[in-house]
Amino acid sequence: MAGVDEEAKSTQGSFNKRNIADDEYDFVEPIVNEENVENYTTDSEETSVGYHSLPRSVGINDLNNDTQLDIVIANAGTDTVGIFFGYENGTFQPQITYSTGSRSQPYSVAVGDFNSDDDIDIVAATYGSNSISILIELGNEAFEKVHLFSLGSSRPVSVTVADLNNDKFLDIIVVNYGTYSIGILLGYGNALFSIQTKYSTGYDSLLYSVAVADLNGDNRSDIIIANSGANNIAVLVGVHPYCIVVGDFIKDNVSDVIVAKGDENNAVILNGSGNGTFVIHETYFTGVGSTPVYVLTGDLNNDDRLDFATINKGTEDITVFIRYLRRMFSNRTRYSTGVASYSVSIDVGDFNNDIVLDIVVANRELLNVGIFLGYANGTFSIQKIYSTDTNSTPQSVTVVDFNNDSLLDIAVANNNKHNVGVFLRYGNGSFAAHLVFLTATNSMPMSVAVGDFNKDGLVDIVVANYGNSNIGILLGYENGSFETKKTYSTGNGSFPDSVAVGDLNNDNLFDITVNNRNTGNVSIFLGYGNGSFGKMTSYFMGESWNPSSSALGGLNNDGFLDIAVSNTCAYNISMLFGLGDGTFGILTIFSAGGDSRPYSIVIGNFNHDSWEDIVITNTIDQSVSVFLGLDSIDVANESSYSTGSGSHPYFIVTTDFNNDTILDIVVVNFAHDNIDIRLGTGNGSFIEVASYPAEID
C-alpha cells in the first residue's frame, strides 16, 4: 500500500433504535491494525472483521429493509467487502464477506441503489486492482458481484456516490491516488456506468478522500476533495458551463478561452489579456434548446484561423462557427443528418483515379449501390446509382480489384436474391452491370469480405449466409467471375451476419472470423492456403448478446491480431486477445453505455500514439463512440458524437479523406438516407464537415 497513510475512515448513524429511537447519533470506526470495527454507542463495543483484514473504510445503510442500519466494511487485507447486519439493540450479526478479487485491496466502500430496484447496492474502490467493484443486492441479504472494467493505473483510494447530472440515477466519484485525479462514472440506472472521465487535481496532490454536497444552493452537486500532498482541500463546483477549450482565436499570440454554456444555449469567447486575466468578448447562440455540452476547435476551412464547433445534447446535432474576421465568427452552419435512409453498408476507394477517395454505399430499400465521387477539397458529388436488381435488398458492400486490371471493383451481398453481385469498373470511373453469383437457395447473404484464400494471386470472396447458417467461399478467376468452392457450417441456427478476414496464426495465410448473431459467439476458421479451411473454433460472447460486427487489429502491441466485437443486445464491446497460434485469451468486456446498442465496429489509430483505438456506431442513442487505447490493454477516454435524432447509424469505415495523414470516419445513417463525414483532428476527436443525402444523379 505504498504511499497511502494507514488511516481508516469512520461514519455515523443511529444503531440502537429498538422500538423507539434514542435520537442520538452513534458512530463506527474501522481500526486498521487491530482487525476490528469499534461501534461507539452508550457502551463501546468491538466487532471482529477477521484476522489481517486491515479494514480501511466503512459505510452504513439499511441493506435488508428491516429498518435497522447495517455496516459495510472495506477489508484491504483480505480482499473482501464485509457486511454486518444490525439488530434492534445496536448489536450485529457475524460478518458476511464477498471477495473483490485476489490482491484487489479494497480501500473504500459506498452504498446506493445502482439498478433502480429500490434495494441498496455496494461499490468498492479496489486499490490493488485499479478498478471498482459493484455488489448488487438480490433482496434476501445476499449480493451478486459485478465487476466494472479497469480504471487504468489510477490506484483508487476513496469512492462516493451522488446524482451529479440530475438524471435520477446515481453516479460514482472515485479518488485516484496514483494519477492525481478524480474520476466520474455516470450511472445509467441499470448497474452499468460510463467509462471514467478524469479531472486532474495537480501533480503531488496525493488525494485521500472525497465528499459531495450542494455548497452553493443551485441544486447541483459539488465535489470536495482532500489533498493530503498539497495540505488543502479542493472544491469542484457544479456550474452551468459544460466544457472549456483554450486557443488563440484572434491571432494576437495570447491564449483565449471558449466556454460551452449548456443551460444558456451559447458559447462564450473570453479574450486573454496576456497578464492572466480575461474579458468576455463575444457570445454565440447555438440554438433554442441546444444545450451545448462540448466544444472543439480547429482550422475547419484551411484559412489559417481557428474555428470552433459545439456538440449540442438538447438538439442532437453539431453547430459549426467559421471565423471570417480577426475577432468574429460566421453565423452557425447546421448540417442535417437527413431523413429516412436505409443505407446499411459503406466502403471507400479511388474509383476515377484522381488520387481522391470516393465512397460506395449499399442502399437496402432503394435496391442499388450509390457512388459519391470525392473532390480535392473534401466534399463529394451527388450520388450516382447502380441497380442491384429487383427485390435484391443489398446488405453489404466491399471494394477491391477482382480482375487484376488495376481498377477497383465492387462486390455486394444481395440478401433477398441469395447472391453476390460484382460490379467491374471501366477505365472512365463508371461500372458495368453487375455479374451475379448464387450463394444457395434461402442463403440470405448478410456480409462479404475478401482475401486470396488459395494463393493464386486472385481475390476470392467469403460470404456470411444468414439463412443457411454457414459461410460460403467463392474462388475468383482472372476475368472477375467466381465459382462457389465450399460452404462451412457455423452451427445450427447460428445465423451468421458478419465476416472478417486476417492472418490469425502468423502463417501468412488468410483466416476468417464470423459473428453468429443467434448463438452469441464468434467463430474462427483457419485457412490452409488452398481455398479450404480447418474445423471451426468458437468463442462465446454471452447469452443473447447478438454479436453483430468484428474488427481485427493489434490492440495490445504484441504483434498478433486481436478481435474486437460489438455486442448489440449486451450494450458492450468485447475483445479477444490473440496468442499468435490462432487461439485467443480470456474475453475482456467494456461497456458501451446503457442505451447504446452498438452495431458496427472499426479499429484504427486516431490519435497518432502507438496504440490502436476503436470506433463504434450506437444505433439506439444515435451516435458514434471513440474509445482510445491505452498501454494496459484497457480502453479509456470515450468520446461520443451525435448522428442526429432518429438517424440510427448502422455502418462505419475509416480512411484519410483529406490527405493529412490523420484517419477520418464516414457513417451510414440507416434511417436518414445519408452519410456523415467526420474529419479526424489527430488527437482522437472528430469534427463534422458535411452530410450527403441519397439523392439520385
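Before I begin with the structure itself, let me say that two strands are counted as paired if DSSP finds at least two bridges between them. Please also keep in mind that what we are looking at is a predicted model.

With that in hand, consider strand β14, residues 171–176, and strand β15, residues 181–185, which run antiparallel and are joined by 5 bridges. If you would like one position to look for on the screen, find Ile172, which stands opposite Leu185 in β15. These two strands belong to an open sheet of 4 strands, whose order is β13-β14-β15-β16 and whose pairing is antiparallel. At the edges of this sheet stand β13 (156–162) and β16 (197–200), and because each has a single partner strand, one side of each is left without a neighbour in the sheet. On average, and ignoring direction, neighbouring strands here are turned by 20° against each other.

Let me now move to a single residue, Thr439, which sits in the loop between β37 (435–438) and β38 (445–451). Is Thr439 buried or exposed? Its relative accessibility is 7%, and since buried means under 20%, Thr439 counts as buried.

What, then, does the side chain of Thr439 reach? It comes to 2.9 Å from the backbone oxygen of His418, and it also makes a polar contact, at 2.6 Å, with the side chain of Ser443. If we leave out residues up to four places away in sequence, Thr439 touches His418, Asn419, Val420, Pro445, Val463 and Asn465, so that His418 appears here again as a residue whose backbone oxygen the threonine side chain reaches.

How values were computed
Residues numbered from 1 in each chain as written. Predicted model: local features only at pLDDT ≥ 70, side-chain atom pairs only at ≥ 80, totals over all residues. Heavy atoms only, no water. Buried < 20%, exposed > 50% of the residue type's maximum accessible area, 1.4 Å probe, protein only. Polar contact = N/O pair within 3.5 Å; in protein donor to acceptor, adjacent residues only side chain to side chain. Contact = heavy atoms within 4.5 Å. Axes fitted to C-alpha atoms, helices over the stretch in contact; angles between N-to-C directions.
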